[in-house]
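Grab your favourite viewer and let's work through a few exercises together. Try each task yourself before reading the solution.

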Amino acid sequence: MAKQPEVIRDKACMLSWSRSHRWKGKTLALVPTMGFLHQGHLSLIRKAKAHADVVVVSIYVNPGQFAPSEDLATYPSDLHGDLQKLADAEVDAAFCPSNLYDCESDGVPGGAGSGGGNERTVVSCLEAGDGGGGGGHETWIRVERLEKGLCGKRRPVFFRGVATVVAKLFNIVEPDVAVFGKKDYQQWRIICRMVCDLDFGIKVIGSEIVREADGLAMSSRNVHLSPEQREKALSINRSLLQAKYSVQKEKHSCQDLKNLVVQTITKAGGRIDYVEVSWCSSMKEYNSL
Ligand code: AMP
């Protein structure tokens, strides 16, 4: 039977676990997740194992990145199933805090956590005074320019919530390497920027998107899609592939490419939030095609 990962809920325990491995000369990789793991997450874990001796996967549904109108309450979770997948993937530790910060002062309830039990080893459940009780959390990390565009336009609190909780995870786990998926491309660029600007001294690795056989990007939230919605969602990848082939074949303006993507998705019954052509690294809008 696969060896179960050490399940750690307390941040002081997490830090001492990490340091005990560092003292033994081991390097550590962190893969931050919100749980309900799928093959996309497992590909990040494989990458982490290739870059470090010891792998920690965090499972934490981060309330700080959800606006009140978003799906915090219905975000899928299956801690028992996740821990089995982590055991099969030979992950060394699962960091499953119940609350990393209390956002109630911001109108967003804290403590969504990744509840549930069934884990084999709980190092400690004591979280006395952890992030709560002191009138709420009020320190945020903002990667000011990068967080404004693209997904940030419609989700104004999302990236500050991500950056802040990832910074906390970096302080608690002290990894040498952290792995993020390029499915959430803007998020990956924001973390790279934060690590560079704040001298975290962590190597941030971006990992390719893992898709279902029909092209749908794997995502924990896909479980909520009806068959009809799933069919519509396929148009996102299809439209991007069409745009890619068109631009490889002949010169097109950015506007032509955006129109092509909008038409393909709306024809399939989808609703567009935004379509933009951007530079990969700066994420600034690219208009010169
Ligand atoms: P999540 O649990 O959705 O917050 O994702 C945790 C990490 O897994 C993030 O770095 C995501 O970008 C990454 N991830 C999620 N889905 C995929 C996927 N289909 N392919 C590659 N990485 C992914």
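**Exercise 1. Place K47 in the fold: which element holds K47, and what does K47 touch?**

Solution. Start with the address: K47 sits in helix α2. Next, check the surface. K47 has a relative accessible area of 30%, which lies between the 20% and 50% cut-offs, so K47 counts as partly exposed. Then look for partners away in sequence. Leaving out residues up to four places away, K47 touches V179, I205, G206 and S207. Finally, pick a distance along the chain: K47 and F180 are 133 residues apart in sequence, yet their C-alpha atoms are separated by 9.8 Å.

**Exercise 2. Decide how far to trust the coordinates: what is the average pLDDT, and where does pLDDT stay under 50?**

Solution. Keep in mind that this is a predicted model. Step one is the overall score: the protein chain averages a pLDDT of 90, and 88% of the residues score at least 70. Step two is the weak stretch. Over residues 105-133, pLDDT stays under 50. The model still has 72 contacts for that stretch beyond four places in sequence.

**Exercise 3. Describe the ligand site: which residues come nearest to the ligand, and which polar atoms face it?**

Solution. Begin with the shell. There are 17 residues around the ligand, and H41, G181, D184, V210 and M218 come nearest. Now go through the polar atoms:

- G181 puts a backbone N or O atom 2.8 Å from an oxygen atom of the ligand.
- D184 uses its side chain, with an N or O atom 2.5 Å from a ligand oxygen.
- M218 has a polar backbone atom 2.9 Å from a nitrogen atom of the ligand.

Then ask how much of the ligand is covered. On its own the ligand exposes 480 Å², and the protein buries 94% of that. Last, sort the shell by element: β2 (28-33), α2 (39-51) and β5 (177-181) each give two or more residues. Helix α2 gives the most, with three residues. That is also the helix that holds K47.

**Exercise 4. Work through some salt bridges: how many are there by the rule used here, and which partners do D184, R193 and D214 have?**

Solution. A general point to start from: side chains of opposite charge can pair when their charged atoms come close. The count comes to 13 salt bridges. Take three of them in turn.

First, D184, which you met beside the ligand. D184 forms a salt bridge with K183, with the closest N and O atoms 3.5 Å apart. K183 is partly exposed at 36% relative accessible area, and D184 is partly exposed too, at 32%.

Second, R193 pairs with D197, and here the closest N and O atoms are 2.8 Å apart. The two residues are four apart in helix α6, so about one helical turn separates them. D197 is partly exposed at 45%, and R193 is partly exposed at 40%.

Third, the side chains of D214 and R230 meet at 2.6 Å, N to O. R230 lies in helix α7 (residues 227-249) and D214 in the loop between β6 and α7, so this pair ties together parts that are 16 residues apart in sequence. R230 is partly exposed at 25%, as is D214 at 42%. To round things off, R154, R271 and D273 are joined into one network by salt bridges that share partners.

**Exercise 5. Classify Q187, D199 and M283: is each one buried or exposed?**

Solution. Go residue by residue, using under 20% for buried and over 50% for exposed.

- Q187 is in helix α6 (residues 185-197). Its relative accessibility is 16%, so Q187 is buried. Beyond four places in sequence, Q187 touches F158, F159, V162 and F180.
- D199 is in the loop between α6 and β6 (203-207). At 68% relative accessibility, D199 is exposed. D199 has a positive phi of about 50°, although it is not a glycine.
- M283 is in the segment after α8 (254-267). With 13% relative accessibility, M283 is buried. M283 has a positive phi of about 65° and is not a glycine.

How values were computed. Residues numbered from 1 in each chain as written. Predicted model: local features only at pLDDT ≥ 70, side-chain atom pairs only at ≥ 80, totals over all residues. Heavy atoms only, no water. pLDDT = per-residue confidence, 0-100. Contact = heavy atoms within 4.5 Å. Buried < 20%, exposed > 50% of the residue type's maximum accessible area, 1.4 Å probe, protein only. Salt bridge = Lys/Arg side-chain N within 4 Å of Asp/Glu carboxyl O. Near = heavy atom within 4 Å. Polar contact = N/O pair within 3.5 Å; in protein donor to acceptor, adjacent residues only side chain to side chain. Areas by Shrake-Rupley, 256 points an atom, 1.4 Å probe, with all protein chains shown as cover.
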